[in-house]
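Let's take a walk through this structure together. Keep the viewer open and follow along as we go.

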Amino acid sequence: MLTDLKVKVGPQFYRYHVGALQHVPDVLAEYQAKKLLVVHGTVSWEKAQPRLPFLQDYQVVYHQYTGECSYYGAGLIEAIAQAEDIDFIIGVGGGKLADLVGYAAHRLNLNFGVIPTLASNCAPWTPLSVMYKEDGTSEGKSEHYLRQAAFLITDPELVIDSPVPYFIAGLADTIAKWYESELILAQDALTAEPFLQMAGFTAKLCKDAIMQDSAKAIRDMEAGIVSEEFVHLSEIVFAVAGMVGGLGDKYARNAAAHAMHDGMSKYLSGSHAFLHGEKVAYGIFYQLALEGRWSLIDELLPFYQELQLPTSLHQMGIFPEDQELIEKIVQFIDSKEKVHLIPIEINQAVLRQAIFDLENYMSEK
């Protein structure tokens with residue numbers, strides 16, 4: 001029996017369909033919200049604003065965020081909310097913005113809702129925030145708040161009008177849920193745990209649907225067609241995938257693939273040119289190399305090639321010639337508890353060797 005499992009399923013209210021945004025005022029009425037702080041980006045906000053006519057019925061303060069989910073950015077939101085006596089925050093934008101609004105709302109003890117404008121990760125669903133410095137350097141995460149979003153509501157007609165590479169990165173980030181958690185959840189001590197079983201089933205659902213329908217969903221997105229495949233996969237990326245960690249907590253949230261992402265983001269400045277999901281895609285191959293599951297890398301390779309996902313640091317053009325940087329990444333990965341949940345021998349020597357083994361393996365493909 002587990003005594004350390006924290007189940008945090010998702011937002012209080014969820015809708016995703018054409019016309020869904022008209023239901024936002026219903027939730028605001030439930031929370032008796034009168035003065036709103038709307039946190040937004042730039043291009044995405046230009047596309048979203050015409051779909052939010054209900055905002056004219058409220059007192060609204062608007063704030064354009066800096067582009068990063070940072071402690072500095074959260075401080076700006078806190079100052080505005082306190083000065084303007086805000087009683088509800090709405091975040092309109094991508095994953096970093098959703099993370100920022102969730103963290104700031106926790107600090108302020110305010111309710112918040114999110115309106116995603118793209119499907120690039122599960123940030124709108126999950127009760128944690130991946131933190132960065134303003135220069136894009138990774139700064140860990142904040143998972144200590146216990147509140148979930150009051151709502152996650154958006155419209156596929158809005159989401160489809162976003163950059164295709166972000167969607168592709170979101171698909172990669174989502175299949176990581178399965179590859180990072182599979183061996184952990186398969187351990188005898190965990191297979192009888194109901195919530196962990198549900199997390200595993202959800203992770204597999206996400207992976208199977210993406211492997212089956214991603215090519216069509218991407219083509220439809222490029223053509224601006226709100227097809228069933230696009231709706232289902234975008235929903236899987238920003239909503240269903242978040243249930244994996246919500247149900248499975250540390251046993252199913254992430255492992256070596258995301259630890260490698262964080263290490264790259266912290267120590268390899270060249271990695272900032274890549275999206276979160278692209279770095280996680282490489283991280284999946286790294287974890288599979290760490291586990292010695294080379295046949296799974298071979299199975300995934302055609303999918304990676306079709307979606308043009310990175311497979312090695314050399315391919316990305318960011319392999320560090322400075323051995324000290326590799327050592328820092330290895331030490332960082334080794335410091336993460338989640339990596340040591342993988343049921344294999346984990347030490348710095350093993351973690352280091354997997355980096356070089358993967359580079360050598362991929363150089364022959």
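What follows is a tour of an annotated site, two helix pairs and a handful of single residues.

First, the ground rules. This is a predicted model, in which local features need pLDDT of at least 70 and side-chain atom pairs count only at pLDDT 80 or more, while totals for chains, interfaces and linings use all residues. Residues are numbered from 1 along each chain as its sequence is written, and side-chain values use heavy atoms, with hydrogens and water left out.

Start with the annotated site. The unreviewed UniProt entry carries a "binding site" annotation that covers Asp 173, His 258 and His 276; positions from UniProt are given in the numbering used here, feature names are shortened, and annotations may be inferred rather than shown by experiment. These residues are spread over 104 residues of sequence, yet they cluster in space, with a largest C-alpha distance of 9.3 Å.

Asp 173 sits in helix α6, residues 164-185. Helices here are DSSP runs of H or I with at least four residues, strands are runs of E with at least two, and both are numbered from the N terminus. With a relative accessible area of 3%, Asp 173 is buried. The cut-offs are under 20% for buried, over 50% for exposed and in between for partly exposed, using a 1.4 Å probe and protein chains only. Setting aside residues up to four places away in sequence, Asp 173 touches Ser 120, Asn 121, Cys 122, His 258, His 276, Gly 277 and Val 280, where contact means heavy atoms within 4.5 Å. So two of the annotated partners, His 258 and His 276, turn up in that list.

Now hop over to His 258, which you'll find in helix α9, residues 256-267. His 258 is buried too, at 7% relative accessibility. Again not counting residues up to four places away in sequence, His 258 touches Asp 173, Ala 176, Glu 180, His 276, Val 280 and Lys 338.

Back in α6, look at Thr 174. Thr 174 counts as buried, at 1% relative accessibility. Outside its neighbours up to four places away in sequence, Thr 174 touches Cys 206, Ile 210, Ile 236, Val 237 and Ala 241.

On to the helix pairs. Two packed helices are described by the angle between their axes and the distance between the axes. Helix α7 (residues 194-223) packs on helix α8 (residues 228-248) at about 160 degrees, with axes 8 Å apart. The axes are lines fitted to C-alpha atoms, for helices over the stretch in contact, and the angles run from 0 to 180 degrees between N-to-C directions. α7 and α8 are therefore roughly antiparallel to each other; angles under 35 degrees count as roughly parallel, over 145 as roughly antiparallel, 65 to 115 as roughly perpendicular and the rest as oblique. The crossing of α7 and α8 is left-handed, meaning the near helix is turned anticlockwise from the far one by less than a right angle, with clockwise being right-handed. By class, the contact of α7 with α8 has 19 nonpolar, 3 polar and 4 charged residues. Here Ala, Val, Leu, Ile, Met, Phe, Trp, Tyr, Cys and Pro count as nonpolar, Asp, Glu, Lys and Arg as charged, and the others, Gly among them, as polar.

How do α11 and α14 pack? Helix α11 (residues 294-307) and helix α14 (residues 348-363) meet at about 45 degrees, with their axes 12 Å apart. That makes α11 oblique to α14. The crossing of α11 and α14 is right-handed. On the α11 side, the contact is made by Trp 294, Ile 297, Asp 298 and Leu 301, and on the α14 side by Asp 357, Leu 358, Tyr 361 and Met 362. By class, that gives 6 nonpolar, no polar and 2 charged residues.Last, some loop residues. Asn 109, in the loop between α4 (95-108) and β5 (112-116), has a positive phi of about 60 degrees although it is not a glycine. Gln 308 also has a positive phi of about 60 degrees without being a glycine, and its place is in the loop between α11 and α12 (313-316). Asn 109 is exposed, at 58% relative accessibility, and Gln 308 is exposed at 70%. Glu 68, in the loop between β3 (59-64) and α3 (71-84), is instead buried, with a relative accessible area of 12%.
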